[in-house]
Amino acid sequence: DIVEWKQQIFPNNLLYPLHSDLDKAHNFFINSKFLVVVPTDINALVDRFMRTTAKYFVNSRNKTYTFLDHYGNVDNVKIALEEKIQNFKDNILETDVVINNVDELLEFNFFKDICNKLDLQTNRDNYEKVKRFVTNG
């Protein structure tokens with residue numbers, strides 16, 4: 001049963017819905033905590049997509065069809081990304097942790113906010129440990 005499986009796999013974990021619509025992710029992972037990245041610079045997002053995701057294959061069994069082929073051109077990529085961002089904005093819940101840039105994950109104020117949302121005690125030593133772990137520093 002899919003409901004039982006998902007409760008075992010994602011009981012209380014943070015979930016970063018990379019490709020899913022946020023409303024669908026909330027409905028599927030009902031008890032999960034969500035970290036939602038809502039970029040404010042669409043041009044930077046399109047640029048990053050074109051340097052990375054655009055070159056990946058839509059299906060690993062078909063090494064000739066990339067995500068750029070799927071969208072057709074950069075204008076369609078931008079439209080799709082704008083629609084995804086709008087879906088995130090329209091479906092953010094009060095319990096979601098929302099940031100505008102993944103670099104915010106490494107800022108102490110973000111660490112403090114997420115600890116508060118998760119009812120964890122915050123201190124600078126733990127923050128430094130997490131930051132070293134995440135950045136391999």
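Buried residues account for 25% of the 137 residues in this protein, and the model is a predicted one. Show the whole chain as a surface: the accessible area is about 9800 Å², 50% of it belonging to carbon and sulfur atoms. Switch to cartoon and follow the chain from the N terminus; the order of elements is α-β-α-β-α-α-α-β-α-α, with seven helices and three strands. Among contacts between residues at least 6 apart in sequence, 45% join residues at least 24 apart.

**The two cores**

Select F34, V36, I42 and L81. These residues have the most contacts inside the largest nonpolar core, which has 15 residues. To see where this core draws its members, colour α2 (22–28), β2 (33–37), α3 and α5; each gives two or more residues to it. Next select L35, V97, F110 and I114, which are among the six residues of another core, lying apart from the largest one. Nonpolar side chains in soluble globular proteins tend to be buried together.

**Helix α3**

Which residues of α3 are buried? Select I42, L45, V46 and F49. Look down the axis of α3: these buried residues fall within an arc of 100°, so they line one face of the helix. In an α-helix there are 3.6 residues a turn, so residues three or four places apart point the same way. Now add α4 and α5 to the view, as the buried residues of α3 pack against both.

**F49 and Y71**

Stay with F49 and add Y71. A search of the whole structure finds five aromatic pairs. In the pair of F49 and Y71, the ring centres are 5.9 Å apart and the planes stand at 75°, so the geometry is edge-to-face; the cut-off for that class is over 60 degrees. F49 belongs to helix α3 (residues 42–51) and Y71 to helix α4 (residues 67–71), so this pair ties together parts that are 22 residues apart in sequence. Are the two residues buried or partly exposed? F49 has 11% relative accessibility and counts as buried, whereas Y71, at 27%, counts as partly exposed. The dividing value is 20% relative accessible area.

**N87 in helix α5**

Move to helix α5 (residues 74–91) and select N87. N87 is buried, its relative accessible area being 14%. Show what surrounds its side chain and backbone: beyond its neighbours within four places in sequence, N87 is in contact with D21, L22 and D23.

**Helix α6 and its aromatic cluster**

Go on to helix α6 (residues 108–117), where the buried residues are F108, F110, F111, I114 and C115. They cover an arc of only 160° around the axis, which puts them on the same side of α6. Two of the buried residues shown here, F110 and I114, are among the members of the six-residue core visited earlier.

Keep F108 and F111 displayed and add Y127. These three residues form one aromatic cluster. Then select R124, which lies over the face of F108, at 3.9 Å from the ring centre.

End just after α6, at D119. What is the sign of its phi, positive or negative? The phi of D119 is positive, at about 55°.

Methods:
Residues numbered from 1 in each chain as written. Predicted model: local features only at pLDDT ≥ 70, side-chain atom pairs only at ≥ 80, totals over all residues. Heavy atoms only, no water. Phe/Tyr/Trp six-rings, centres within 6.5 Å; stacked < 30°, edge-to-face > 60°. Helix = DSSP H or I, 4+ residues; strand = E, 2+ residues; numbered from the N terminus. Buried < 20%, exposed > 50% of the residue type's maximum accessible area, 1.4 Å probe, protein only. Lys NZ or Arg CZ within 6 Å of the ring centre and 35° of its normal. Contact = heavy atoms within 4.5 Å. Areas by Shrake-Rupley, 256 points an atom, 1.4 Å probe, with all protein chains shown as cover. Arc of directions from axis to C-beta. Core = buried A, V, L, I, M, F, W, Y, C linked by side-chain atoms within 4.5 Å.
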